[in-house]
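Here's a short tour of one strand and one residue in it. Take a look at the model first, then read on.

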Amino acid sequence: MMRRLLILMFCIFAAYYTFGQSGTIRGAIKDNAGNPVANATIVLVKTDFGNISNEEGIYSITNVLSGDYLIRFSAIGYKTITQIIKVKAGGITIVNFLAEEKIEILQGVEVSGVRSITGMGYIDETHDGVIYSGKKTEVLLVDSLDANTTQNNPRQVLGRVPGANFSETEASGFPSNGIGFRGLNPTQSIETNTRQNGYNITADLYGYPETYYLPTLEAVERIEVTRGASSLQFGAQFGGVINYIVKKGSTSKPIEVTTQQTVGSFGMYNSFTSAGGQVGKFNYFGYLQYQGVQGWRPNSDYKKITGFGRLEYQATEKIKIGLEYSVLRNRIHMPGGLTDSMFHANSRASYRARNWLQSPWNILAATFDWKISQKTLVTIKSALNSSARDLVWRNEDGGPQAMDVISPVSNSYVNREVGHEGLASTTTEARLLAHYKLGGMSNTLAAGVRFYYGKMNRAGGGMGTTGSDFDLSIVGPFNYNLNFTTTNFAPFIESTFRFGEKLSITPGMRYDYIVSTEQGYTPSYDGSATIYSNSTKTRNIFLSGIGLQFKTTTSTELYGNWSQAYRPMDYSSLTPFGTIVTVDPNLKDSNGSNADFGFRGSVKNYLNFDLGGFYLQYNNRVGLLVKTDGNGIQYPFSTNVGNSIHQGLETYIEFNPVKAFFEHKQWSISFFNSLALINAKYVTGEYRGNFVAYAPSRIERFGTNLNKGRFSTTFLISTTAKSYSDARNSNSPSADAVAGVIPSYTVLDWSGTWRIKNYKIKFGVNNLADQRYFTLRTGEYPGPGIIPSIGRSFYLGIGAKF
């Protein structure tokens, strides 16, 4: 009995001593925007102590013996944080965590400010100095995708974005495929704002919003897509923004070299090499790409060299400066367009051998990042673009049906036509992002200003040689020669106001001051006289918008926004380059608005989704008509057709059943579906009730991803409904094939990657079923007429990283 009593007294004493020497750890976990992080794991390293944060981001660990510990925070989508703490006996130790978001993709690249569990996700509320709260965004992590990045195949990468419609021009020697959303014109991406690393890379923001230079996807870390609500932060474009983020150099070694050598069908050879690293406070990255193709059609060969270099210097803990240079040199042989009868007879045929184009591109950019505090960031990006576009082709006024043959009288070809454009512009954007307290809540302010100045010389109609090679020499003066300038000053501001932990509202506004000038000469409509121009036009444009976001859980949210948009018709829009289309000299500016609403998020690590709708109002929309002249000859005519309404649904769902139902498997399979249902019609004007050109009613892509060990593969089915190239919705094509139906089509693509230590083998088949289809009827180069898409093609590449 005495023994039992002594044991009981010892146990009571030991328990008293233990609890008297123990303490409690408590804390809160929030992200950079002040939102709670739930379901995070907090553990004391090398002990059995730990806990999970609740919906408010609060956690506690009790009965911890006093002493020094290593505490670790971890959560899906956030960087792991580890720190040393001291627990006092009988006390409460407060340890709060500020979680920084990230995602790890196949090669271990970390991307802050992106919410995703797969290769497709969306941007968080604030990212790189910009507010995205309430906006519809998509992010594609390129290294996580099995895709033909060598040839920048748009279906396999950007095709995951719901509603992405492409104009495929590679079969005509023109590798710069265009993209459009929600029934907007995809040709050369003229309805979108194209950027690289956050700065402008297009030739002219208003007069010529196209770019021939795009970074090779082998060097791209991610692609950020922001829909119509981007107009307040980035400028008045109906189609939103596509931003290509180029990789940075390795931060763990002084040099890392990557190389990829790829061969493919139709004489394709691609060589890509990059190098990057960290040396002291300097981080550098650069790449060089050569690509040459003989072509799917005769006379569709091209070659290009693309390069990029970046040097960043971390001057202090708070200040970083950078310098970047991008370059493109190319020479494109264009086989011309086809009529409908030509296409159906032989879609690979070519009836032009003397059409050529080159577009040297040079972009020099400087960046400045100043992290004034944990809550305040200033960024400045300034880009200088000096580029050109040179064209020599057979005058195509007769359309693709006019044969380019040697005259039996002169024993030579007819003289070709030569055109030249010189392009120079500077764009500087300064941004301030600040988190501040109001009403006890953390709010965010984003303000900035853009200054743009661009000048363009457009000369065309010069009489060229009768030869067949690339020759820009002319006999006599140009038929027209015009100089354009555009000056743009645009301050903008947005602020996110948070009401509680879940609801936020983001109003904003933008003011654009635009001055455009024109000087030079053009021939009169009938060619009987020369008209000299010296004009100036000034615009003052006010835009406003509002966004709303409601967090239903820590990983799901409702979003919605409305914003105004604007597209000015610059002087250069009235004098087209390399086209048979006649342009209405009284073109009016377009204006309207965009609205998005939806529900997006993820369920653990096996389901990723974005379900939404859109409503786009486009006033004074420019479209294509077919008119008849006094001699009874039809010709394409571009004018303000009327107002249009674009509305529909956009959904993206990706599901991984292996991760959902099985744990710790060495393989996984996922299925994704990207769907857009689009109803885009004119609501005013002569063609009220007709479909807008290039607005298919359904765009759907279904894919399967399989990953097992070092092998991964993707199979993709892409379906696009029929559309029209003209506002009249011509079921019978025009003689020059510019106006008519673009039939529906379904394309199959397969790609795969095999990784062996530092090496990888990439392979695939594009257009597996050899579907013969086209996405573009055009009145300009590389046509005019139908531009066929490429049939079945193969590629095989071997890469290494050292």
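Leaving out neighbours within four places in sequence, Thr-713 is in contact (heavy atoms within 4.5 Å) with Asp-146, Thr-704, Asn-705, Leu-706, Trp-750, Ser-751 and Gly-752. Keep in mind that this is a predicted model, where local features need pLDDT of at least 70, side-chain atom pairs count only at pLDDT 80 or more, and totals for chains, interfaces and linings use all residues. Residues are numbered from 1 along each chain as its sequence is written, and side-chain values use heavy atoms, with hydrogens and water left out.

Is Thr-713 buried or exposed? With a relative accessibility of 11%, Thr-713 is buried; that label means under 20% relative accessible area, while exposed is over 50% and partly exposed lies in between (1.4 Å probe, protein chains only). Its home is strand E40, strands here being DSSP runs of at least two residues, numbered from the N terminus. Of the 10 residues in E40 (residues 711–720), 7 are buried, so the strand is largely enclosed by the rest of the structure.

E40 pairs with two strands, listed below; pairing takes at least two DSSP bridges.

| Partner of E40 | Direction | Bridges | Residues standing opposite |
|---|---|---|---|
| E39 (residues 698–708) | antiparallel | 10 bridges | Glu-700 and Thr-719 |
| E43 (residues 745–756) | antiparallel | 10 bridges | Leu-716 and Asp-749 |

E39 and E40 form a hairpin with 2 residues between the strands, and there Gly-709 has a positive phi near 60°.

For a sense of distance, Gly-779 is 66 residues from Thr-713 in sequence, and their C-alpha atoms are 39 Å apart.

Definitions and conventions:
Helices (H or I, at least four residues) and strands (E, at least two) are DSSP runs, numbered from the N terminus.
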